[in-house]
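Work through the following exercises with the coordinates open, trying each task before reading its solution.

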Amino acid sequence: MTITGEEAEVFPDGEREPQPSDTLRTFGAVVQALREHAGISRVEFGELVRFSKHAVESVELGRRMPDDSFVELAEEATGNTGALRKAARHLSRGEVGLAAWFREWARLERTAVSLCTYECRLVPGLLQSEAYARAVFEGTIPVVTDERLEALSAARAERQRMLVERPTVLFSFIVEEHVFRRRFGDAEAVRELLDHVLEVTPRRNVTLQVVPVDSALHACLDGPVRLLEKPDRRRFGYAEGQQSGRLISDANEVSLLHQRYDTLRSQALNPQDPRALLERLRGER
């Protein structure tokens, strides 16, 4: 099994800085461009900013988070343009427990006003029980260490807090019935998952629909999809495959995905019916 973007790779043991984020890489490139424009070598620049040559290189390659002192001294060394101070406000580390291709989507999620998820492989991460999430992580190839397993579980639990802490955000889930029927542990673990889903989905801002196993072919057969809307009404999509993910910002493509999702909404079970289905599945265990 391959870990999906929601839960993938944590950083290697002993690594002092996380994998570069886009903002760290961009900041580093600006530092390097200004330094070279000023005709300053890395060794000379290091003396000016009180960093070693290798530490300066790490910043420029996006591998190290600069502190406030570095930003101020680097500004002075490159002519006080203000570019580094402004860029430093947007710096963010790579996020532990999230695959590189999922990080930008995770950042967008934090300020979204609505989130829609269609899933045909796994129970969506926001709805997973602790035991289900651990079973997913434990089944990954390559096998993760115990330390990484704990980091992945912690990252999942942190992300799930959105359902509770953001009561005005609209969460919509459409899940294939066979996903809930798939065994991942003993009967008690399956009942725990179903109980968890039954507990978190009745919130007023959460809608769960299930696509019955005997339903006809439908509009989202190309695979799982996530959609969100920002406060400024911009909409984004996210699609994922084996060891890859793609953030979709093209308005026409996002509109098409919304049309497919909205069509599937009309084909899936009424939001009241999934509860009866899950309770029935629970009783079968």
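**Exercise 1.** Determine how many of the five residues of strand β4 (residues 225-229) are buried, and state what this says about the strand.

*Solution.* Take buried as under 20% relative accessible area, exposed as over 50% and partly exposed as in between, with a 1.4 Å probe and protein chains only; helices (H or I, at least four residues) and strands (E, at least two) are DSSP runs, numbered from the N terminus. Five of the five residues of β4 are buried, so the strand is largely enclosed by the rest of the structure. In a regular strand the side chains alternate between the two faces of the sheet. Accordingly, Val225, Leu227 and Glu229 point one way from β4, while Arg226 and Leu228 point the other way, and all are buried.

The model is a predicted one, in which local features need pLDDT of at least 70 and side-chain atom pairs count only at pLDDT 80 or more, whereas totals for chains, interfaces and linings use all residues. Residues are numbered from 1 along each chain as its sequence is written, and side-chain values use heavy atoms, with hydrogens and water left out.

**Exercise 2.** Identify the strands to which β4 is joined by bridges, and place β4 in the strand order of the sheet.

*Solution.* Two strands pair if DSSP finds at least two bridges between them. Five bridges join β4 to β1 (residues 114-119), the two running antiparallel, and Cys116 stands opposite Leu227 there. Four bridges join β4 to β5 (residues 235-241), again antiparallel, with Glu229 opposite Arg235. Between β4 and β5 the hairpin has five residues, of which Arg233 takes a positive phi near 75 degrees. The whole is an open sheet of six strands with mixed pairing, in the order β3-β2-β1-β4-β5-β6. Its edge strands are β3 and β6, each of which pairs on one side only.

**Exercise 3.** Which residues of helix α12 (residues 251-267) are buried, and what covers them?

*Solution.* Begin with the buried residues, which are Val254, Leu257, His258, Tyr261 and Leu264. They cover an arc of only 125 degrees around the axis (taken from the directions from the helix axis to the C-beta atoms), which puts them on the same side of α12. An α-helix has 3.6 residues a turn, so residues three or four places apart point the same way. The face turned away from this buried side carries the exposed residues Asn252 and Ser266. Finally, counting contact as heavy atoms within 4.5 Å, what covers the buried residues includes β1, β2 (170-176), β3 (206-211), β4, β5 and β6 (244-248).
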